Amino acid sequence: MHISLAPMEGVVDYPMRLLMTELGGYDRCVTEFIRVTDVLLPDRVFFRYCAELEHGCHTLSGTPVHIQLLGSDPDAMASNACRAVSLGAVAIDLNFGCPAKTVNKSNGGSILLRNPERVGSIVRAVRDAVPANVPVNAKIRLGYESDETFEEVAEKVFAAGANELCVHARTKVQGYKPPAYWPRARAIVGGKPQAALTINGEIWSVDDALTALQQSRFGRLMLGRTALARPDLALQIKARLAGDVYLPLQWVDIFGLLQTQFKRSDKSSARHIGNRTKQWLAYLKRTYPEAEILFTSIKRLHDESAFSRALTEHERFLASGFPVPTEITPSQRGEIRSVASVS
Ligand SMILES: Cc1cc2nc3c(=O)[nH]c(=O)nc-3n(C[C@H](O)[C@H](O)[C@H](O)COP(=O)(O)O)c2cc1C
């Protein structure tokens with residue numbers, strides 16, 4: 001099973017991609033969108049969004065990172081895609097799903113789903129401009145106000161030569177409100193290789209993943225907020241599909257990841273110290289009640305030493321008899337063992 005870590009502006013940046021791919025289970029990452037207007041962006045913009053360009057456009061643990069562009073001008077999209085490729089991009093992802101007002105107002109993101117022709121012409125321009133061995137993929141929602149244009153958009157995307165399509169199974173107007181309409185996505189499956197279709201949206205558990213795959217008949221998954229809420233969800237899904245026994249990570253393990261994230265975080269701006277850690281905790285609270293306890297203790301802190309002290313206190317709190325199941329040691333968690341080896 002192929003699982004991508006979703007692009008998330010302001011959230012899934014270089015350090016988060018590094019951490020998540022070190023943990024494992026992800027076959028691909030996609031950068032936050034790079035906004036393209038009508039100019040050729042300077043190299044530094046591509047390196048800012050995709051520091052992995054420094055090492056072959058892969059995370060340090062070897063996971064490929066696709067560069068995502070968002071814009072509505074086919075020529076500008078094409079020339080910026082070429083620039084990205086010249087800097088080492090291994091694949092280009094085109095964003096037709098962003099619901100942000102400012103982006104939609106300037107005719108970018110999900111508003112383009114109202115105009116399947118336009119989507120097709122952007123994909124075509126980029127496809128024609130970059131070398132044939134560089135995949136060009138598109139990420140869409142089911143539509144803008146309604147899902148009426150969904151099939152036509154998908155058809156134009158593939159007719160224009162896209163290699164893959166990822167569908168966040170909701171319209172723009174549906175926003176992030178559950179549910180995601182996985183069965184609706186199935187309409188476009190006919191004749192396409194399963195590996196060309198990725199289903200995304202509201203996959204919070206292994207059972208959700210299996211249902212999304214079964215209902216959409218797509219071959220691949222993408223996880224966004226859900227990956228942040230349950231960092232080893234991709235590992236859990238893969239283990240279940242392989243028939244392996246997997247011991248999900250517990251809070252004590254996740255807390256270790258969080259400490260690493262804080263240590264690595266950019267502390268150059270005093271005002272923003274710890275913000276990314278708080279942001280991640282907001283997602284983790286959904287799965288781990290302990291995340292709420294930690295969040296409450298750090299939410300007003302901006303000072304590095306106070307923040308570090310709060311993390312150390314939480315570590316002591318966990319070590320001092322916080323109910324952690326004793327039959328599983330932290331080092332055992334996250335291991336995948338085959339059914340044969342435990343039975
Ligand atoms: C904070 C945030 C930022 C996002 N930024 C992007 C982005 O830059 N590009 C993109 O294609 N999708 C973006 N998305 C959408 C996600 O990639 C994904 O499609 C969506 O969150 C649904 O998946 P999930 O239910 O697994 O989170 C963003 C979503 C969120 C919540």
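**Close-up views of two pockets and a ligand**

**View 1. The second largest pocket.** The second largest pocket has a volume of about 290 Å³, counted as the space filled by probe spheres set on grid points joined across faces, edges and corners. Here a pocket is an open set of points, on a 1 Å grid over the protein atoms alone, where a 1.4 Å probe fits, with protein on both sides within 12 Å along at least five of seven lines; lining residues have an atom within 4 Å of a point. Of its 16 lining residues, Asp 13, Ser 265, Asp 266, His 272 and Arg 276 are closest to the centre. This is a predicted model, in which local features need pLDDT of at least 70, side-chain atom pairs count only at pLDDT 80 or more, and totals for chains, interfaces and linings use all residues. Residues are numbered from 1 along each chain as its sequence is written, and side-chain values use heavy atoms, with hydrogens and water left out.

**View 2. The largest pocket.** Now meet the space taken by the ligand, which is the largest pocket; a molecule sits in a pocket if more than half of its atoms lie within 2 Å of the grid points. The volume of the largest pocket is about 560 Å³. Its lining counts 28 residues, with Pro 7, Met 8, Glu 9, Lys 139 and Tyr 176 nearest the centre.

**View 3. Backbone contacts to the ligand.** Look for backbone N or O atoms of Pro 7, 2.7 Å from a ligand oxygen, and of Glu 202, 2.8 Å from a ligand oxygen. Glu 9 places a polar backbone atom 2.7 Å from a ligand nitrogen.

How values were computed:
A polar contact is a pair of N or O atoms within 3.5 Å; within protein, one must be able to donate a hydrogen and the other to accept it, and residues adjacent in sequence count only if both atoms are side-chain atoms.
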